Amino acid sequence: MNPSMETPRLWTEAQVKATLPHREQESHKGSYGTALLIAGTKEMPGAALLAGLGAMRSGVGKLVIATEAGAVGMIVPQLPEATYLQDGLQQIAQHQASVDSYRAAAIGPGTNPSGLTEDAVHVLLGSAMPVILDAGALSRRTYSERQAPIILTPHPAEFSRICGVAVDALQENRAHYAADWAKRLGVTIVLKGQKTITAFPDGEIWANPSGNSALAKGGTGDTLTGMMLGMLCCHDNWKHAVLNAVHLHGACADEWVKQHSPHTLLAHELTGLLPEVWARFEK
């Protein structure tokens, strides 16, 4: 790959303001589609909750959370706006529940790599919608060509497992490796970390200028996955959805540190800040 093509551009506040969608006065919940989130177990229900909050705060019309039956009762009190598909990972993996009616899907937060997860990923990739793969759904695999985007959201250790390159080497040249593997696999790679890198399979590479060390805490990645899922449902341009989710996620952390220590952020507080932060970008 030409080294000059590996230099990322910054996705700036001005670009976010220019590409955020308007919510039309005559619209209804169906205008913004239904998203599918496959996440969480009874041991890790919080990941599904964090991703669900991120999605519901980010423009989606309706959200279905597919999670273990034992997790549903723990999530509902905090997110009654979603609907729930009990034991949804198993139902989808075994073709007992259709995925045809969804506008976008995400799988992986709070789940474990397994044959069942792999089967569910295969079902989603056979659909015509954008698919986000995170956490437990990130494995070494190849991808068949498809019309709709595939978006991988690894942190450096997960990306290291995917590409076989040591974390230290990855961190020294994040843009190069993200761009290389996006092209190799035919997917979009959102490599999380300082100045998160988004590499599209067509060679476009962007770095994110927002965010800070407050995001170095469990659950913030789940929140980002949910935000990206919601934005895929309300943006006409899927690339803008990915880039704006990353930027606004970081902007919420920047808002936090204006008054608080970066040590103290909890992931769910990102979505508590999002309404105010998003509104600022609309002015």
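Colleague: Where in the chain is K192 found?
Modeller: This is a predicted model. UniProt, in an unreviewed entry, lists K192 under "binding site" together with G193, Q194, K195, T196 and G221. In the model, K192 is found in the loop between β8 and β9.

Colleague: Is K192 buried or exposed?
Modeller: Residues that K192 touches include D134, T153, P154, H155, P156, R174, G221 and L224, not counting residues up to four places away in sequence. The relative accessible area of K192 is 13%. Since buried means under 20%, K192 is classed as buried.

Colleague: Is Q194 buried or exposed?
Modeller: Q194 is found in the loop between β8 and β9. Its relative accessible area is 72%. Because exposed means over 50%, Q194 is exposed.

Colleague: Why can K192, G193, Q194, K195, T196 and G221 be said to gather at one spot?
Modeller: These are the residues that the unreviewed UniProt entry lists for "binding site". They span 30 residues in sequence, yet their C-alpha atoms stay together in space, so they gather at one spot. The limit is that no two of these C-alpha atoms are more than 14.2 Å apart.

Colleague: Which residue of the set K192, G193, Q194, K195, T196 and G221 does the lining of the largest cavity take in?
Modeller: The set comes from the unreviewed UniProt entry, under "binding site". From this set, the lining of the largest cavity takes in T196.

Colleague: How far apart in space are R174 and K192, C-alpha to C-alpha?
Modeller: R174 lies in helix α8, whereas K192 is found in the loop between β8 and β9. R174 touches K192, along with P156, L191, G193, Q194, K195, T196 and I197, not counting residues up to four places away in sequence. The two residues are 18 apart in sequence, and their C-alpha separation is 9.7 Å.

Colleague: Is R174 buried or exposed?
Modeller: R174 has a relative accessibility of 12%. As buried means under 20%, R174 counts as buried.

Colleague: How many of the 12 residues of α8 are buried?
Modeller: The buried residues of α8 are R174, A175, Y177, A178, A179, D180, W181, A182 and L185. What covers them includes α6 (156–163), α7 (167–172), β8 (188–191), β9 (197–199) and β10 (205–207). The helix is thus mostly covered, and the number of buried residues is nine.

Colleague: What distance does α8 reach from its first C-alpha to its last?
Modeller: Helix α8 comprises residues 174–185, 12 residues in total. At 1.5 Å a residue, a span of 16 Å is expected, and the helix comes close to it. Just after the helix, G186 takes a positive phi of about 70°. From first C-alpha to last, α8 reaches 16 Å.

Colleague: Which residues among A47, G110, H155 and D222 does the lining of the largest pocket take in?
Modeller: The unreviewed UniProt entry lists A47, G110, H155 and D222 under "binding site". From this set, the lining of the largest pocket takes in G110, H155 and D222.

Colleague: Is G110 buried or exposed?
Modeller: G110 is placed in the loop between β5 (104–107) and α5 (115–125). It touches G40, T41, M44, A47 and D222, not counting residues up to four places away in sequence. With a relative accessibility of 9% against the limit of under 20%, G110 counts as buried.

Colleague: What is the relative accessible area of H155?
Modeller: H155 is placed in the loop between β7 (150–152) and α6. Its contacts are L191 and K192, not counting residues up to four places away in sequence. H155 is partly exposed, and its relative accessible area is 32%.

Colleague: Which residue in β4 is the bridge partner of V64?
Modeller: Strand β3 (residues 62–67) and strand β4 (residues 83–86) run parallel and are joined by four bridges. The chain passes from β3 through helix α3 (residues 69–75) to β4 in a right-handed β-α-β crossover. A66 stands opposite L85 in β4. For V64, the bridge partner in β4 is T83.

Colleague: Which residue in β3 is the bridge partner of L37?
Modeller: Strand β2 (residues 34–38) pairs with β3 in the parallel sense over five bridges. A right-handed β-α-β unit is made by β2, helix α2 (residues 45–56) and β3. β3 is mostly covered, with five of its six residues buried. In β3, the bridge partner of L37 is I65.

How values were computed:
Residues are numbered from 1 along each chain as its sequence is written. This is a predicted model: local features need pLDDT of at least 70, side-chain atom pairs count only at pLDDT 80 or more; totals for chains, interfaces and linings use all residues. Side-chain values use heavy atoms; hydrogens and water are left out. Helices (H or I, at least four residues) and strands (E, at least two) are DSSP runs, numbered from the N terminus. The expected span of a helix is 1.5 Å times one less than its number of residues. Buried means under 20% relative accessible area, exposed over 50%, partly exposed in between (1.4 Å probe, protein chains only). Contact means heavy atoms within 4.5 Å. Two strands pair if DSSP finds at least two bridges between them. A crossover is right-handed if, with the strands pointing away from the viewer, the path from the first strand over the helix to the second runs clockwise. UniProt positions are given in the numbering used here, feature names are shortened, and annotations may be inferred rather than shown by experiment. On a 1 Å grid over the protein atoms alone, a cavity is a set of points where a 1.4 Å probe fits but cannot get out, and a pocket is an open set with protein on both sides within 12 Å along at least five of seven lines; lining residues have an atom within 4 Å of a point.
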